[in-house]
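Could you walk me through this structure in my viewer? I would like to know what to select at each step and what I will find there.

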Amino acid sequence: MHSHHVADRSPLLPEKIVGERLVLRRWLVSDAQELSRAVERNIEHLRPWMPWVADEPLPVDRRVALIEEWERALLDGGDAVYGVFLENAPIGGCGLHRRRGPHGLEIGYWIDRDHINRGIGTEVARLLTSAALAVPGVTFVEIHHDKANTASGRIPERLGYSPLREERDRIEAPGEMGVDCGWRMTAADWSSPSAR
């Protein structure tokens, strides 16, 4: 018996994903000021749904430490945290998170308040879904949001994700009602010609 079923490390997630109009790439320390400005501009827009906003605005040294932490995680086979760039300007953030066991990834995203309702969130989720399902061993991707966040729910629905059972969840941000809505896309469904 070989130990090939024991993964020594998870395959690394991509550092950069290029779409038709957007580039998703890992944040660099040199992006710290721009990331801070993007978050600060969006604090009230994000506060209802993003628990991490409670700690914002972060001082620049903490922001740099956070970006370094994200980089270490990515290089260790963990989560990938990306900036969403349109014409080299950051207009949001997103990520692939290893919260769903060895064969699944979870997608998260936020889009700048001045760029919502332009299909950008959907494009981000589409790019992340394709990238996630190209990672060796990943067979499904999930998107989770609080039931009160209906705008976030339209994205997986639009991309043809299947709804999972709603579950009670902790309320972690002021706009939440404490009901987690999960959506799943499998590699088989994503690659079928009828997808998207």
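Here is a short tour in two stops, first some strands and then a helix. Keep in mind as you go that this is a predicted model.

**Stop 1: strands S1, S2 and S3**

Select residues 16-18, which make up strand S1, together with strand S2, at residues 22-26. S1 and S2 form a hairpin, with three residues between them. The two strands pair in the antiparallel sense over three bridges. For a closer look, show Ile17, which stands opposite Leu24 in S2.

Now add strand S3, residues 80-86, to your selection. S3 and S2 run antiparallel too, joined by five bridges. Stay on Leu24 for a moment: in S3, Val84 stands opposite Leu24.

How many of the five residues of S2 are buried? The count is four, so this strand is mostly covered.

**Stop 2: helix H5**

Next, select residues 150-158, helix H5. Colour Ser152, Gly153, Ile155 and Pro156, which are buried. Why do they lie on the same side of H5? They are on the same side because they cover an arc of only 145° around the axis.

Turn the helix to see the face directed away from the buried side: it carries the exposed residues Thr150, Glu157 and Arg158.

What do the buried residues of H5 pack against? Show strand S5 (104-111), helix H4 (120-133), strand S6 (140-146) and strand S9 (179-186), and you have their partners.

To finish, click on Gly160, just after H5, where phi is positive at about 85°.

How values were computed: Residues are numbered from 1 along each chain as its sequence is written. This is a predicted model: local features need pLDDT of at least 70, side-chain atom pairs count only at pLDDT 80 or more; totals for chains, interfaces and linings use all residues. Side-chain values use heavy atoms; hydrogens and water are left out. Buried means under 20% relative accessible area, exposed over 50%, partly exposed in between (1.4 Å probe, protein chains only). Two strands pair if DSSP finds at least two bridges between them. The arc is that of the directions from the helix axis to the C-beta atoms. Contact means heavy atoms within 4.5 Å.
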